[in-house]
Amino acid sequence: MRKTASALVAAMGLLAAGGVGAWTMKDGVIQFSNGEVSYCDGWALDAASIMLSRQEGRPVDYVYDAYHEPSDITRKMRVLFVRDAQAYPIEDTKEKKWAAAEKFSNKVKGQCFKSYIERVPQS
């Protein structure tokens, strides 16, 4: 996951360079914009899809691809997510398979938010 985290940090650097609006701090609590949350949610959904497809032994179905073409960075991140998912064992029950997908998805989402905080200046 280190390579994934590094790629996320690099992606956040691209966003910061583009002047994207940033997260804020309100009463000691970090607040993300809807755009930032949506961005991280998209990668988390991809991560969950990748892990669940691995767990179930089927091809990945990227939900949002039916609505818009994925960006180059999203394609690159998917390659890393697929590689990282290989480190997880195949679980033996449906519940454990879903739990593995949720854990992997949450890890990616957390890394995405952490990357925003570390690389994109507070507004």
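A residue counts as buried when its relative accessible area is under 20%, and by that cut-off Ser53, with a relative accessible area of 4%, is buried. The structure described here is a predicted model, and the protein chain in it has 4 helices and 2 strands. Counted from the N terminus, these elements follow the order α-β-β-α-α-α. The points below take up the chain as a whole, the disulfide, the two helix packings that involve α2, and two individual residues.

**The chain as a whole**

- Of the 123 residues in the protein chain, 37% are buried.
- When contacts in the protein chain are restricted to residues at least 6 apart in sequence, 78% of them join residues that are at least 24 apart.

**The disulfide**

- A search of the whole structure turns up 1 disulfide, and it is formed by Cys40 and Cys112, whose sulfur atoms lie 2.1 Å apart.
- This pair links distant parts of the chain, since Cys40 belongs to helix α2 (residues 34–56) and Cys112 to helix α4 (residues 94–119), with the two positions 72 residues apart in numbering.
- The disulfide is left-handed because the torsion about the S-S bond of Cys40 and Cys112 is about -75°.
- Both ends of the bridge have a computed relative accessibility of 0%, so Cys40 is buried and Cys112 is buried.

**Packing of α2 with α4**

- Two packed helices are described by the angle between their axes and by the distance between those axes.
- For α2 and α4, the packing angle is about 150° and the axes are 8 Å apart, which makes α2 roughly antiparallel to α4, given that angles over 145 degrees fall in that class.
- The crossing in which α2 passes α4 is right-handed, and the residues of the contact between these helices comprise 18 nonpolar, 2 polar and 5 charged.

**Packing of α2 with α3**

- The axes of α2 and helix α3 (residues 72–85) come within 10 Å and cross at roughly 40°, and α2 is therefore oblique to α3.
- The crossing of α2 and α3 is right-handed.
- On the α2 side, the residues that meet α3 are Tyr39, Trp43, Asp46, Ala47, Ile50, Met51 and Arg54, and their counterparts in α3 are Ile73, Thr74, Met77, Arg78, Phe81, Val82 and Ala85.
- Sorted by type, the residues of the contact of α2 with α3 are 10 nonpolar, 1 polar and 3 charged.

**Ser53 in α2**

- Ser53, the buried residue of the opening sentence, has its place in helix α2.
- Leaving aside residues up to four places away in sequence, Ser53 touches Arg58, Pro59 and Val60.

**Asp27 between the strands**

- Most residues other than glycine have a negative phi.
- Asp27, although it is not a glycine, has a positive phi of about 50°.
- Asp27 is placed in the loop between β1 (24–26) and β2 (29–31).
- With a relative accessibility of 75%, Asp27 counts as exposed, the cut-off for that class being over 50%.

Terms used:
Residues numbered from 1 in each chain as written. Predicted model: local features only at pLDDT ≥ 70, side-chain atom pairs only at ≥ 80, totals over all residues. Heavy atoms only, no water. Disulfide = S-S within 2.5 Å. Buried < 20%, exposed > 50% of the residue type's maximum accessible area, 1.4 Å probe, protein only. Axes fitted to C-alpha atoms, helices over the stretch in contact; angles between N-to-C directions. Parallel < 35°, antiparallel > 145°, perpendicular 65-115°, else oblique. Left-handed = near helix turned anticlockwise from the far one by under 90°. Nonpolar A, V, L, I, M, F, W, Y, C, P; charged D, E, K, R; others polar. Contact = heavy atoms within 4.5 Å.
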